[in-house]
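Me: Could you walk me through this fold with a few questions and answers? I would like to look at the model side by side with your replies.

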Amino acid sequence: MGADVIEGRMTAEGEGEVTVFLIGMRVNRFRALRSWLPVFRAMPRMLRELSQDKESGLLGCEVLVGPPRVLCVVQYWDSHEKLLAYASAQGKEHRPAWAAFNRRAREGRGKVGIWHETYVVPAGAHESIYSGMPAFGLGKATGVVPVGRRGERAADRLSLKSE
């Protein structure tokens, strides 16, 4: 049933700057399938495109399901520049999906909503811990190491600075 559980206390191996991009959709009217289903289907195409391009900057992602009407994708990027480059790139999946969403949003009058938030996190300003978990989140994106290699306490891991 999924990934293997890693025993012990682990932390994300990545110590450098990371860009965290949260993007999601909210179905406001379940019966308005033509408004929200294309939005729902567009994200897997974009994630597949990004994961197949090792130079894209996408380190990894997690899909999270909230209450019955909310879906969220947490993405980890090696730089905000690469995230922004993908968003505006001609010939990639994002631009036509965004244009199609805007057309449907005008016609659908709030039947589906989307949102995103971007956080650029400097080196030394993030820490993580995973205990009894399969690889997840930033640890899945960058790899995991035993907590002791980066500091036993959250405060120790947060004080790390890249060189």
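What follows is a short exchange about the fold, its pocket, its cores and its salt bridges.

Reply: Happy to help, and please keep in mind that this is a predicted model, in which local features need pLDDT of at least 70, side-chain atom pairs count only at pLDDT 80 or more, and totals for chains, interfaces and linings use all residues. Residues are numbered from 1 along each chain as its sequence is written, and side-chain values use heavy atoms, with hydrogens and water left out.

Me: Which pattern does the chain follow along the sequence?

Reply: Helices (H or I, at least four residues) and strands (E, at least two) are taken as DSSP runs, numbered from the N terminus. The chain has 5 helices and 7 strands. Read along the sequence, the pattern is β-β-α-β-β-α-α-β-β-α-β-α.

Me: What share of the 163 residues is buried?

Reply: Buried means under 20% relative accessible area, exposed over 50%, and partly exposed in between (1.4 Å probe, protein chains only). By that rule, the buried part of the 163 residues in the chain is 37%.

Me: Which element gives the largest share of the lining of the largest pocket?

Reply: A pocket here is an open set of points on a 1 Å grid over the protein atoms alone, where a 1.4 Å probe fits, with protein on both sides within 12 Å along at least five of seven lines; lining residues have an atom within 4 Å of a point. The largest pocket holds about 540 Å³ of space, and of its 28 lining residues the closest to the centre are Phe-21, Ile-23, Met-43, Met-46 and His-94. Elements giving two or more residues to the lining include strand S2 (18-27), helix H1 (33-52) and helix H3 (94-108). The largest share, 6 residues, comes from H1.

Me: Which element contributes the largest share of the largest nonpolar core?

Reply: A nonpolar core is a set of buried Ala, Val, Leu, Ile, Met, Phe, Trp, Tyr and Cys residues joined through side-chain atoms within 4.5 Å. In the largest one, with 13 residues, Met-43, Met-46 and Trp-77 touch the most other members. S2, H1, S4 and H2 each give two or more residues to this core. The largest share, 5 residues, comes from H1.

Me: Which residues does Met-46 touch, leaving out those up to four places away in sequence?

Reply: Met-46 is also among the residues closest to the centre of the largest pocket. Counting contacts as heavy atoms within 4.5 Å, Met-46 touches Tyr-86, Glu-93, His-94 and Ala-97.

Me: How many residues apart are Lys-92 and Asp-53?

Reply: A salt bridge is a side-chain nitrogen of Lys or Arg within 4 Å of a carboxyl oxygen of Asp or Glu, and Lys-92 forms one with Asp-53 at 4.0 Å. Lys-92 is partly exposed at 30% relative accessible area, and Asp-53 is partly exposed at 29%. Lys-92 sits in the loop between H2 and H3, and Asp-53 in the loop between H1 and strand S3 (58-65), a separation of 39 residues.

Me: Is Arg-157, the salt-bridge partner of Glu-127, buried or exposed?

Reply: The closest N and O atoms of Glu-127 and Arg-157 are 2.6 Å apart. Glu-127 lies in the loop between S5 and strand S6 (130-133) and Arg-157 in helix H5 (residues 154-158), so the pair ties together parts that are 30 residues apart in sequence. Glu-127 is partly exposed at 29% relative accessibility. With a relative accessible area of 2%, Arg-157 is buried.

Methods:
Points joined across faces, edges and corners; volume = space filled by probe spheres on them.
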